[in-house]
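Me: Hey, I've got a protein chain open and I'm new at this. Can you walk me through it?

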Amino acid sequence: MDIKSVHKAKCHCGAVELELTMPNGLEDPRRCSCSMCRKRGAIAASVLLENLKIIKGEDNLTLYQFNTMTAKHYFCKTCGIYTHHQRRSNPHQFAINVACLEGVNPYDLEPVKIYDGIHHPKDTINL
Ligand SMILES: [Zn+2]
């Protein structure tokens, strides 16, 4: 898998394009068991907020939020593909849809670890 230090990502229809700075390649690719991710099914990798630029189609992205309204989930309003989200578990990170990366076949990453998102760290009360 050839991940460039600056790598492009696109939704399916091409209306939305991202430019991702990934000096360490794919960081922490994972699936997640939370109510959102288990339905979405995408493998997500991590990038710092400043390492994601929307180079095309920002106005074609739709924002979806739920529950605590902290995480920001973005998807293309034309083709419906999830491109990235700002995390609740770490608001300094975006998670990106690995399948949107140019030239990347997400099935090459299997088996992918599954993050225990249904037991979210921010929902845990420490007694
Ligand atoms: Zn699209």
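Me: Which residues does the UniProt annotation "domain: CENP-V/GFA" cover?
Reply: According to the UniProt record, an unreviewed entry, that domain covers residues 7-116. Positions from UniProt are given in the numbering used here, feature names are shortened, and annotations may be inferred rather than shown by experiment.

Me: Before we go on, how are things numbered, and what kind of model is this?
Reply: Residues count from 1 along each chain as its sequence is written. The model is predicted, and local features need pLDDT of at least 70, side-chain atom pairs count only at pLDDT 80 or more, while totals for chains, interfaces and linings use all residues.

Me: Ok. How much helix and strand is there over residues 7-116?
Reply: That stretch is 4% helix and 40% strand, and its end C-alpha atoms are 28 Å apart. Helices (H or I, at least four residues) and strands (E, at least two) are DSSP runs, numbered from the N terminus.

Me: And for the chain, how many helices and strands?
Reply: One helix and ten strands. Going from the N terminus, the order is β-β-β-α-β-β-β-β-β-β-β.

Me: What about the overall size?
Reply: The C-alpha atoms fill a box of roughly 45 × 30 × 25 Å along the principal axes. The radius of gyration is 14 Å, which agrees with the value near 14 Å for a compact globule of 127 residues. That radius is taken over C-alpha atoms, and the globule rule is 2.2 Å times the number of residues to the power 0.38.

Me: How do the strands pair up? Any sheet?
Reply: There's an open sheet of three strands, ordered S1-S2-S5, with antiparallel pairing. S1 (6-10) and S5 (52-56) stand at the edges with a single partner strand each, so one side of each has no neighbour in the sheet. Neighbouring strands here are turned by 30° against each other on average, direction ignored. The axes behind that angle are lines fitted to C-alpha atoms, for helices over the stretch in contact, and angles run from 0 to 180 degrees between N-to-C directions.

Me: How many bridges are there between S1 and S2?
Reply: Five, in the antiparallel sense, with S2 being residues 17-21. Two strands pair if DSSP finds at least two bridges between them. Lys-10 stands opposite Glu-17 in S2. The hairpin of S1 and S2 has six residues between the strands, and Gly-14 takes a positive phi near 90° there.

Me: Cys-11 caught my eye. Buried or exposed?
Reply: Cys-11 counts as buried because it has 25 C-beta neighbours inside 10 Å. The rule: buried means 20 or more other C-beta atoms within 10 Å of a residue's own, exposed means 12 or fewer, and partly exposed is in between, with C-beta atoms placed from the backbone. Cys-11 is found in the loop between S1 and S2.

Me: What does Cys-11 touch?
Reply: Not counting residues up to four places away in sequence, Cys-11 touches Val-16, Cys-76, Cys-79, Ile-81, Thr-83 and Cys-100. Contact means the C-beta atoms, placed from the backbone, lie within 7 Å.

Me: Now the inside. What share of the chain is buried?
Reply: Buried residues make up 24% of the 127. The largest nonpolar core has 23 residues, and Ala-9, Leu-20, Ala-44, Val-47, Ile-96 and Val-98 have the most contacts inside it. Two or more residues each come from S2, S4 (44-48), S7 (72-76) and S9 (93-97). A nonpolar core is a set of buried Ala, Val, Leu, Ile, Met, Phe, Trp, Tyr and Cys residues joined through C-beta atoms within 7 Å.

Me: Which residues is Val-47 in contact with?
Reply: Leaving aside neighbours within four places in sequence, Val-47 is in contact with Leu-20, Met-22, Leu-52, Gln-93, Phe-94 and Ile-96.

Me: Last topic: any odd backbone spots?
Reply: Most residues other than glycine have a negative phi, and most peptide bonds are trans. Asp-28 isn't a glycine but has a positive phi of about 55°. Asp-28 sits in the loop between S2 and S3 (30-32). Asn-67 also has a positive phi, near 55°, and lies in the loop between S6 and S7. A cis peptide bond joins Glu-110 and Pro-111, with omega about -5°.

Me: Where does Pro-111 lie?
Reply: Pro-111 is in the loop between S9 and S10 (113-115).

Definitions and conventions:
Two residues are in contact if their C-beta atoms, placed from the backbone, lie within 7 Å.
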